[in-house]
Amino acid sequence: MVTWYPLKRRSETNRSRFIQKLVLYYRSSVRYGSRFGGFNGTFGSVTHFSWQMEDRTGPELVLVFSGKRKSGKDYITDLIQDRLGPEICCILRLSGPLKQQFAQEHNLDLDQLLGPGPYKELYRADMIRWGEDRRNQDPGFFCRLATGGARQPVWVVSDARRLSDLQWFRSEFPRQTRSVRVQCSDETRVQRGWSFTAGVDDAESECGLDGGVEFDWIITNEAGAPPLDQQLQPILKAAQEAASSTRTDQ
């Protein structure tokens with residue numbers, strides 16, 4: 001439920017324009033989740049409208065996904081959101097705010113950095129080093145940016161890469177956080193276009209969660225493994241129960 005703050009008396013025309021802008025923002029927030037943080041600003045003559053949910057102090061479930069490049073993390077997290085619906089589940093990409101900040105500071109094309117093409121590969125190693133420096137200064141920097149505008153009861157973090165990422169979510173949301181590992185063989189990754197790149201595939205951004213973590217679920221994403229729908233059933237069940245508890249509380 002959206003909390004409506006008292007507004008000064010205004011004409012019906014201005015009120016209608018306000019509602020139209022609010023609807024446009026809501027549709028955008030549902031589609032993109034908290035890709036680059038939250039919202040706090042003005043609509044025309046309306047001052048300091050704050051977007052928030054009534055009595056919502058945090059998510060009911062946080063699914064933190066990790067896995068090697070070309071393991072299929074994005075495909076699986078998109079599949080989960082499709083099953084649950086964007087009004088229940090948002091996808092949070094820690095690389096989104098990282099790439100946005102990196103693009104701003106280095107005058108690069110953000111859309112291409114966010115896309116699947118070769119452009120981002122030209123800057124991946126430099127971006128990894130830059131991101132490491134930021135994390136060393138503040139381990140939760142990109143996690144806070146990514147979650148700033150999330151309002152759905154189920155959060156899916158699609159690209160945790162370091163132990164510090166998982167630790168941040170477990171510290172901030174200890175009851176809600178569950179970890180999921182997506183894995184497949186190197187042969188399968190090669191078939192999907194992966195090739196080993198020094199400074200990338202041997203860096204912490206790829207290897208930081210390879211060991212020392214007891215994952216709640218492990219998904220094997222390749223031919224010969226059980227069907228994904230079957231492997232995802234316990235995760236989807238947990239998400240649906242979390243969403244149901246939110247509706248019950250309201």
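A residue counts as buried when its relative accessible area is under 20%. With that in hand, welcome to this predicted model, and to its aromatic contacts in particular.

Let's start at strand β4, residues 89-92. Cys-89 and Ile-91 point one way from β4, Cys-90 and Leu-92 point the other way, and all are buried. Strand β5 (residues 154-157) runs parallel to β4, joined by four bridges. Opposite Cys-90 stands Trp-155 of β5, a residue we will meet again among the rings.

A search of the whole structure turns up seven aromatic pairs. Including these two:

| Pair | Centre to centre | Angle between planes | Type |
|---|---|---|---|
| Phe-102 and Trp-130 | 5.5 Å | 65 degrees | edge-to-face |
| Trp-155 and Phe-173 | 5.3 Å | 80 degrees | edge-to-face |

The Phe-102 and Trp-130 pair links distant parts of the chain, 28 residues apart: Phe-102 lies in helix α3 (residues 95-106) and Trp-130 in helix α5 (residues 119-137). Phe-102 is buried at 2% relative accessible area, and Trp-130, at 12%, counts as buried too. Phe-102 and Trp-130 also belong to one aromatic cluster together with Phe-141 and Phe-142.

For Trp-155 and Phe-173, the planes stand at 80 degrees, so the pair is edge-to-face. This pair also links distant parts of the chain, 18 residues apart, with Trp-155 in strand β5 and Phe-173 in the loop between α7 (163-172) and β6 (177-183). Are Trp-155 and Phe-173 buried or exposed? Both are buried.

One more ring deserves a look: the charged end of Arg-189 sits over the ring of Trp-194, 3.9 Å from its centre.

How values were computed. Residues numbered from 1 in each chain as written. Predicted model: local features only at pLDDT ≥ 70, side-chain atom pairs only at ≥ 80, totals over all residues. Heavy atoms only, no water. Buried < 20%, exposed > 50% of the residue type's maximum accessible area, 1.4 Å probe, protein only. Helix = DSSP H or I, 4+ residues; strand = E, 2+ residues; numbered from the N terminus. Pairing = 2+ DSSP bridges. Phe/Tyr/Trp six-rings, centres within 6.5 Å; stacked < 30°, edge-to-face > 60°. Lys NZ or Arg CZ within 6 Å of the ring centre and 35° of its normal.
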